[in-house]
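Biologist: Could you take a close look at one small part of this protein for me, and then show how it fits into the rest? I am a first-year student, so please explain the terms as you go.

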Amino acid sequence: TQADWLARSYQSLGADGLANIVGKLMFTIFQPPWYRFKTSARVRTDPNITQQMMGEFDAILYARELVIQSQFETTKLSTKFRTAFEHTVGVGNSLTLCGGENGNYWFKNFRLDHYVQKRGGDGEVLWTITLEMKDPMELSDQDIDAIDQTREELEKKDNENRQLELYTKCARQLDGT
């Protein structure tokens with residue numbers, strides 16, 4: 001056919017290489033199962049522990065592994081980690097903000113052009129400033145009043161023209177927090 005003799009342009013070579021490296025990183029770090037709970041050597045060699053008790057310990061640890069794997073899959077952390085790895089491999093840097101409690105965890109990735117950091121002589125981060133684009137319609141009425149606009153004024157604007165820049169600074173305190 002005519003397409004057989006067309007030369008390959010290699011335009012996607014970089015993207016293919018990045019996807020390959022990130023895929024290998026993801027598989028290396030998160031290959032199922034990427035962790036195992038085992039009883040300690042002290043417990044395994046304890047003469048007071050019977051084989052039946054060891055079987056129960058192993059069953060409990062295995063059940064815990066399944067719970068953690070289930071939580072990992074429901075939070076879609078692998079997608080967030082993939083994005084962070086893509087930025088790290090492709091650009092050389094990435095910032096991921098982690099938060100949450102009681103099993104409700106969230107991760108937010110920042111592109112290199114959406115944050116700045118200052119580090120001390122020892123390499124420790126002194127402060128980080130992030131930039132996020134926020135739709136003010138997500139804000140409370142009190143916060144909308146603080147930006148000297150009304151909800152009705154904001155509703156009249158199209159989505160692109162009402163986005164606000166939100167800068168957040170996180171600084172290390174003298175006590176290390």
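Modeller: Happy to! Let's begin with threonine 128, which counts as buried because its relative accessible area is 9%; buried means under 20%, exposed over 50% and partly exposed in between, using a 1.4 Å probe and protein chains only. Before going further, please note that this is a predicted model, in which local features need pLDDT of at least 70 and side-chain atom pairs count only at pLDDT 80 or more, while totals for chains, interfaces and linings use all residues. Residues are numbered from 1 along each chain as its sequence is written, and side-chain values use heavy atoms, without hydrogens and water.

Threonine 128 belongs to strand β4, which spans residues 125-134. Strands (E, at least two residues) and helices (H or I, at least four) are DSSP runs, numbered from the N terminus. What surrounds threonine 128? Setting aside neighbours within four places in sequence, threonine 128 is in contact (heavy atoms within 4.5 Å) with Leu95, Val116, Gln117, Thr168, Lys169 and Cys170. Lysine 169 is 41 residues from threonine 128 along the chain, yet their C-alpha atoms are separated by 5.6 Å. On another side of the story, the side chains of threonine 128 and glutamine 117 make a polar contact of 3.3 Å. A polar contact is a pair of N or O atoms within 3.5 Å; within protein, one must be able to donate a hydrogen and the other to accept it, and residues adjacent in sequence count only if both atoms are side-chain atoms.

Now follow the same strand to threonine 130, which also lies in β4. Is threonine 130 buried or exposed? With a relative accessibility of 10%, threonine 130 counts as buried. Beyond residues up to four places away in sequence, threonine 130 touches Leu95, Phe110, His114, Tyr115, Leu166, Tyr167 and Thr168. So you meet Leu95 and Thr168 in both contact lists, the one for threonine 128 and the one for threonine 130.

Next, step across to lysine 118, a residue of strand β3 (residues 115-119). Lysine 118 is 10 residues from threonine 128 along the chain, and their C-alpha atoms are 6.6 Å apart. Unlike the buried threonine 128, lysine 118 is partly exposed, because its relative accessible area is 43%. Outside the four places on either side in sequence, lysine 118 touches Glu124, Val125, Leu126 and Trp127.

Leu95 leads us on to asparagine 109, found in strand β2 (residues 104-110). Asparagine 109 is in contact with Leu95, and also with Lys80, Thr83, Ala84 and Thr96, once neighbours within four places in sequence are left aside. Its side chain has two polar partners to look for. One is the side chain of threonine 96, at 2.7 Å from that of asparagine 109; another is the backbone oxygen of lysine 80, which lies 2.9 Å from a polar side-chain atom of asparagine 109.

Helix α4 covers residues 77-90, and threonine 88 sits in it. A relative accessible area of 38% makes threonine 88 partly exposed. The side chain of threonine 88 reaches the backbone oxygen of alanine 84 at 2.8 Å, and alanine 84 is also one of the contacts of asparagine 109. Apart from neighbours within four places in sequence, threonine 88 is in contact with Asn93 and Ser94. Valine 22 is 66 residues away from threonine 88 along the chain, with 9.4 Å between the two C-alpha atoms.

Just after this helix comes valine 91, in the loop between α4 and β1 (95-101). Valine 91 is in contact with Glu86 and Leu112, leaving aside neighbours within four places. The C-alpha atoms of valine 91 and arginine 111 are 9.2 Å apart, although 20 residues separate them along the chain.

Finally, let's zoom out. The protein has six helices and five strands, in the order α-α-α-α-β-β-β-β-α-α-β along the sequence. Buried residues, such as threonine 128, make up 16% of the 177 residues. Of the contacts with a separation of 6 or more, 50% join residues 24 or more positions apart. The C-alpha atoms fill a box of roughly 75 × 65 × 40 Å along the principal axes.
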